[in-house]
Amino acid sequence: MDGKSRNLGYLTAAVSVFLNTLLFALKFAVGLSVGSIAMVADAWHTLSDTLTSLIVIAGFWISGRPKDRRHPFGHGRAELIASLALGFILGIAGLGFFKESLEILIDRRPPPDFTRFAIGVFAVSAFLKEALALFSIWAGRRINSPALIGDGWHHRSDALASLVIVLGAVFGGGLWWLDGALGLGVSVLIISVAVRLAKNAAYDLLGQEADEKLKGEIGKVIVEIAPEVSKIHHLHFHAYGGHREITVHLHVFGEMPLRRAHEISSAIEARLRAELRIEATIHMEPCQDCPQGEEVKCAEMKRCLNGRERAVLP
């Protein structure tokens, strides 16, 4: 990631930290003043957005550090560790609000008095958080940052939670169970966000296989650069935050000159680095003992090496 992209990431996350901290203070204060567990729970949901944005900032800073002797692939997985910890903390908070909301329903506590100011604060919050979500998702797509895109969806979940509370306060009347029910809904939303954060971070830490879309993009680059390749296999994918590595085996004609094999490997590695931001290690294998169907391709490669034509994969 270049300097301009990283600066856009810093700016987006910094705006999020400032705005979410301000909204948390307002929502928490009005939630306590009217005695609404749903509003207090949503305020903590907003604070969690501040924490995730801080993680994004830390991720950009750490990922910008050069690799060293102890971390030859960089420091990108520090962001995943922080996300995993945040998921657990957020999940515990969500479970606590879920328990308190159940107690409100069981004890049939009287409904809170939703003031116009409190409703206005949450209505403005819903609008601002959706605007922040759109900005974060746009910036994440522009600089190819999954962390920013995920942060944007986190903002959107908070906007929806605030909107639900506003609608309930305006149209719920004097229903005694409304605050407890809304508290349960917001709690479930917090827990779902926590599970998604922790699950995605854990999967990336454990190591996931490249998805089908990425495999297709890698295969397309290889075939466009080197029609001599008859088979692509043993594609192994490794992610270290924003730093991604693959190893892949390619079948080529067994009598191909070493110079040509090196040219193919270097060209594929350069193209993958430039277009997909992937560091690749290419392993060439001879296919003298080609499976049925590959012999024709090997013959085409031999003609290619003689300079008469360039082989093209079907």
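These legends describe four close-up views of a predicted model.

**View 1. Helix 7 crosses helix 8.**
Helix 7 covers residues 212-225, and helix 8 covers residues 258-276. Their axes come within 10 Å. The crossing angle is roughly 135°. That angle is neither over 145 nor within 65 to 115 degrees, and the two helices are therefore oblique to each other. The crossing is right-handed. Helix 7 contributes Leu214, Glu217, Ile218, Val221, Ile222, Glu224 and Ile225 to the contact. Helix 8 contributes Ala267, Ile268, Arg271, Leu272, Glu275 and Leu276. Sorted by class, this contact has 9 nonpolar residues and 4 charged ones. Polar residues are absent from it.

**View 2. Phenylalanine 28 and tryptophan 44 form an aromatic pair.**
The structure holds 4 aromatic pairs. In this one, the ring centres lie 5.9 Å apart. The ring planes stand at 80°. Planes over 60 degrees apart count as edge-to-face, so the pair of phenylalanine 28 and tryptophan 44 is edge-to-face. Phenylalanine 28 belongs to helix 1 (residues 3-34), whereas tryptophan 44 belongs to helix 2 (residues 37-63). The pair therefore ties together parts that are 16 residues apart in sequence. Phenylalanine 28 has 25% relative accessibility and counts as partly exposed. Tryptophan 44, at 35%, also counts as partly exposed. Ring pairs link both residues with Phe24 into a cluster.

**View 3. Leucine 184 is buried in helix 6.**
Helix 6 runs over residues 178-206 and includes leucine 184. The relative accessible area of leucine 184 is 18%. Buried means under 20%, so leucine 184 counts as buried. Phenylalanine 98 is 86 residues away from leucine 184 along the chain. Even so, the C-alpha atoms of these two residues are separated by 5.4 Å. Leaving aside neighbours within four places in sequence, leucine 184 is in contact with Phe98, Ser101, Leu102 and Leu105.

**View 4. Asparagine 20 is a buried residue of helix 1.**
Asparagine 20 is found in helix 1. Its relative accessible area is 0%, so asparagine 20 counts as buried. Which residues are in contact with asparagine 20, leaving aside its neighbours within four places in sequence? They are Thr46, Asp49, Thr50, Lys129, Leu132 and His155.

Note on methods: Residues are numbered from 1 along each chain as its sequence is written. This is a predicted model: local features need pLDDT of at least 70, side-chain atom pairs count only at pLDDT 80 or more; totals for chains, interfaces and linings use all residues. Side-chain values use heavy atoms; hydrogens and water are left out. Axes are lines fitted to C-alpha atoms, for helices over the stretch in contact, and angles run from 0 to 180 degrees between N-to-C directions. Helices (H or I, at least four residues) and strands (E, at least two) are DSSP runs, numbered from the N terminus. Angles under 35 degrees count as roughly parallel, over 145 as roughly antiparallel, 65 to 115 as roughly perpendicular and the rest as oblique. A crossing is left-handed if the near helix is turned anticlockwise from the far one by less than a right angle, and right-handed if clockwise. Contact means heavy atoms within 4.5 Å. Ala, Val, Leu, Ile, Met, Phe, Trp, Tyr, Cys and Pro count as nonpolar, Asp, Glu, Lys and Arg as charged, and the others, Gly among them, as polar. Rings of Phe, Tyr and Trp (its six-membered ring) pair if their centres lie within 6.5 Å; planes under 30 degrees apart count as stacked, over 60 as edge-to-face and the rest as tilted. Buried means under 20% relative accessible area, exposed over 50%, partly exposed in between (1.4 Å probe, protein chains only).
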